[in-house]
Each structure stands twice: as structure tokens, then as C-alpha cells.
Amino acid sequence: MISLTDSQKIGMGLTGFGVLFLFFGMILFFDKALLAIGNILFVAGLSFVIGLERTFRFFFQKHKMKATSFFLGGVLIVLIGWPIVGVVLEVYGFFLLLRGFFPAAVGFIRRIPFLGSLLNLPFISGFVDKVGESNTMV
């Protein structure tokens with residue numbers, strides 16, 4: 001069993017509530033208040049879970065500056081009051097930030113019995129192979 005510190009437990013709760021608020025904000029036709037609260041809770045929760053220094057190092061690496069600017073710019077635009085544009089920028093930035101993890105995730109999912117066979121279907125396998133290719137962040 002994984003033991004968590006108290007701050008990590010708080011961070012998991014904040015992150016969970018952030019995702020919940022983001023989900024409800026999108027379900028309720030991009031409600032800017034819910035999306036703004038969700039963004040703040042998500043980023044604060046992430047900071048509590050992995051620590052401030054590691055969060056800063058993750059977002060502000062030299063090769064991830066484009067992704068970070070899209071993600072944090074999207075958060076800022078949601079806070080300003082343009083939720084649809086902000087969410088699109090956030091999703092693109094989030095994809096760019098985490099694209100280094102996709103090959104490992106695809107490899108893991110391919111080993112799961114039912115999901116692995118779904119990923120080998122003709123229309124899906126081409127897309128998954130492109131996503132699963134190892135690529136470097138430029």
C-alpha cells in the first residue's frame with residue numbers, strides 16, 4: 001500500500017475536486033465560474049501532491065515552455081472570461097505536456113486483455129500507433 005503524507009492527501013482531494021468542477025463546467029455549457037474554480041483547484045492540488053519545486057520544474061523545463069504557455073495561458077483566458085477558447089488552449093497544452101508519457105501508456109494498455117484487442121482494430125490501430133510512437137518534445 002502506498003503511504004501518503006497529509007499534504008499529498010489534501011492535494012489528491014483538491015485535484016479530484018478540480019477535475020469534478022472542470023467536468024461540471026463543461027457539462028453546463030462551459031460555465032466560466034466552474035471552469036475557473038476547477039482550474040485553480042487542479043493546479044493547487046497538483047502542487048500539493050508532487051510538491052511546489054517538482055511542479056515548477058515540470059512546467060518550466062526549457063523544452064516544455066511552449067506547452068506550459070498554452071496550458072497556463074488557457075487557464076488565464078478562462079479566468080478572464082472566455083471559457084471555450086481557454087479550454088481549447090488548455091487541452092492542447094496538456095496534450096503537449098504529457099505527450100512524452102503516451103508511448104508508455106499505449107504500451108501498458110496494449111497488454112490489458114480486452115483493451116489491447118480494441119486497440120488493434122483496423123481504424124483504431126493506425127491512430128494509436130501514431131500516438132504511441134516515441135517522439136521528443138521540440
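**Exercise 1. Classify T55 in this predicted model: buried or exposed?**

Solution.
Step 1. Locate the residue. T55 sits in helix α3.
Step 2. Take its relative accessibility, which is 6%.
Step 3. Apply the cut-off. Buried means under 20% relative accessible area. T55 therefore counts as buried, at 6%.
Step 4. List its partners. Set aside neighbours within four places in sequence, and T55 is in contact with L46, S47 and I50.

**Exercise 2. Describe how helix α2 and helix α3 pack. At what angle, and how far apart are the axes?**

Solution.
Step 1. Fix the ranges. Helix α2 covers residues 32-50, and helix α3 covers residues 52-59.
Step 2. Read the geometry. The two helices pack at an angle of about 115°, and their axes are 6 Å apart.
Step 3. Name the residues in contact. From α2 come L46, S47 and I50. From α3 come L52, R54, T55 and F59.
Step 4. Sort these residues by type. The contact of α2 with α3 has 4 nonpolar, 2 polar and 1 charged.
Step 5. Tie this back to T55. Its contacts L46, S47 and I50 are the α2 residues of the helix contact.

**Exercise 3. Place G45 in the fold. Which residues does G45 touch?**

Solution.
Step 1. Find its element. G45 belongs to helix α2.
Step 2. Check accessibility. The value is 0%, so G45 counts as buried.
Step 3. Look for contacts. With residues up to four places away in sequence not counted, G45 touches G11, L14 and T15.
Step 4. Compute a distance to V91. In sequence, G45 and V91 are 46 residues apart. In space, C-alpha to C-alpha, G45 and V91 are 18 Å apart.

**Exercise 4. Find the backbone feature of F29 and F30. What is the sign of phi in F29?**

Solution.
Step 1. Start with F29. Its phi is near 55°, a positive value in a residue other than glycine.
Step 2. Turn to F30. Its phi is also positive, about 55°, and F30 is not a glycine.
Step 3. Locate both. F29 is in the loop between α1 (6-27) and α2. F30 lies in the loop between α1 and α2.
Step 4. Assign exposure. Exposed means over 50% relative accessible area. F29 has 77%, so F29 is exposed. F30 has 27%, so F30 is partly exposed.

**Exercise 5. Treat three further residues, V88, I124 and T5. Where does each lie?**

Solution.
Step 1. Take V88. V88 is found in helix α5, residues 83-98. Its relative accessible area is 53%, so V88 is exposed. V88 and K66 are 22 residues apart in sequence. Their C-alpha atoms are 15 Å apart in space.
Step 2. Take I124. I124 lies in helix α8, residues 122-132. Its relative accessible area is 35%, so I124 is partly exposed. Leave aside neighbours within four places in sequence, and I124 is in contact with L118 and L119.
Step 3. Take T5. T5 is found in the segment before α1. Its relative accessibility is 43%, so T5 counts as partly exposed. T5 and V49 are 44 residues apart in sequence. C-alpha to C-alpha, T5 and V49 are 9.0 Å apart in space.

**Exercise 6. Summarise the whole chain. How many helices and strands are there?**

Solution.
Step 1. Count the elements. The chain has 8 helices and 0 strands.
Step 2. Write the order. Along the sequence the pattern is α-α-α-α-α-α-α-α.
Step 3. Give the extent. Along the principal axes, the C-alpha atoms fill a box of roughly 40 × 40 × 35 Å.
Step 4. Give the buried share. Of the 138 residues in the chain, 28% are buried. T55 and G45 are examples of buried residues.
Step 5. Weigh the contacts by separation. Consider contacts between residues at least 6 apart in sequence. Of these, 53% join residues at least 24 apart.
Step 6. Describe the surface. The accessible surface of the chain is about 9400 Å². Carbon and sulfur atoms account for 76% of that surface.
Step 7. Compare the charge centres. The chain carries 11 positive and 6 negative charges. The mean positions of the two sets are 6 Å apart.

Notes:
Residues numbered from 1 in each chain as written. Predicted model: local features only at pLDDT ≥ 70, side-chain atom pairs only at ≥ 80, totals over all residues. Heavy atoms only, no water. Helix = DSSP H or I, 4+ residues; strand = E, 2+ residues; numbered from the N terminus. Buried < 20%, exposed > 50% of the residue type's maximum accessible area, 1.4 Å probe, protein only. Contact = heavy atoms within 4.5 Å. Areas by Shrake-Rupley, 256 points an atom, 1.4 Å probe, with all protein chains shown as cover. Lys, Arg positive; Asp, Glu negative; His and termini not counted. Charge placed at Lys NZ, Arg CZ, Asp CG, Glu CD. Axes fitted to C-alpha atoms, helices over the stretch in contact; angles between N-to-C directions. Nonpolar A, V, L, I, M, F, W, Y, C, P; charged D, E, K, R; others polar.
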